[in-house]
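Student: I'd like to learn how to read a structure like this one. Could you walk me through it?
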Amino acid sequence: MNLHQILHLSSIFRSAVSIHLRRNIGLSAIVFNKAKELDPVQKLFLDKIREYNTKSKQAGGPVDAGPEFQKDMNESLARLQRQYGEGDLTKFPEFKFE
């Protein structure tokens, strides 16, 4: 009887230790990944996103958009305003719940 209880307690202890070790390994992997350098493809991707962000802020809108883009956008906005009513369609709407 005592042997059965000891084996049962040891299996519970093993499962608790196993879960604890898996969590610690998972957290330490995240810390180590942040500490090391990004791989070249990730670095290139992030550099391009940052470059587009600065160009977009300088241009005040889409980057490398020609006059036909602006014309198409104005036509689309006019069509949507006719269809759905007045308001600024370039901004996200504000919702007020009572």
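Student: Where should the ends of helix 3 lie, going by 1.5 Å a residue?

Tutor: Helices (H or I, at least four residues) and strands (E, at least two) are DSSP runs, numbered from the N terminus. The expected span of a helix is 1.5 Å times one less than its number of residues. Helix 3 covers residues 67-84, so its 18 residues should span 26 Å, and the end C-alpha atoms are indeed 26 Å apart. Just after helix 3, G85 has a positive phi of about 100°. Keep in mind that this is a predicted model: local features need pLDDT of at least 70, side-chain atom pairs count only at pLDDT 80 or more, and totals for chains, interfaces and linings use all residues. Residues are numbered from 1 along each chain as its sequence is written, and side-chain values use heavy atoms, with hydrogens and water left out.

Student: How many residues does helix 2 have, and what is its reach?

Tutor: Helix 2 (residues 40-59) has 20 residues and reaches 28 Å from first C-alpha to last, close to the 28 Å expected. At its start, a side-chain oxygen of D39 comes to within 3.0 Å of the backbone nitrogen of V41. Just after helix 2, G60 takes a positive phi of about 75°.

Student: Is F45 buried or exposed?

Tutor: Buried means under 20% relative accessible area, exposed over 50%, and partly exposed in between (1.4 Å probe, protein chains only). F45 sits in helix 2 and has a relative accessible area of 53%, so F45 is exposed. For the chain, 2% of the 98 residues count as buried.

Student: Which rings form aromatic pairs, and how do I read them?

Tutor: A pair of aromatic rings is described by the distance of the centres and the angle of the planes. Rings of Phe, Tyr and Trp (its six-membered ring) pair if their centres lie within 6.5 Å; planes under 30 degrees apart count as stacked, over 60 as edge-to-face and the rest as tilted. By this rule there are two aromatic pairs. The centres of F92 and F95 are 6.3 Å apart with planes at 80°, so that pair is edge-to-face. F95 and F97 are stacked, at 6.5 Å centre to centre and 20° between the planes. Together, the ring pairs link F92, F95 and F97 into a cluster. F92 and F95 are exposed, and F97 is exposed too.

Student: And what pattern does the chain follow along the sequence?

Tutor: The pattern is α-α-α, with three helices and zero strands.

Methods:
A polar contact is a pair of N or O atoms within 3.5 Å; within protein, one must be able to donate a hydrogen and the other to accept it, and residues adjacent in sequence count only if both atoms are side-chain atoms.
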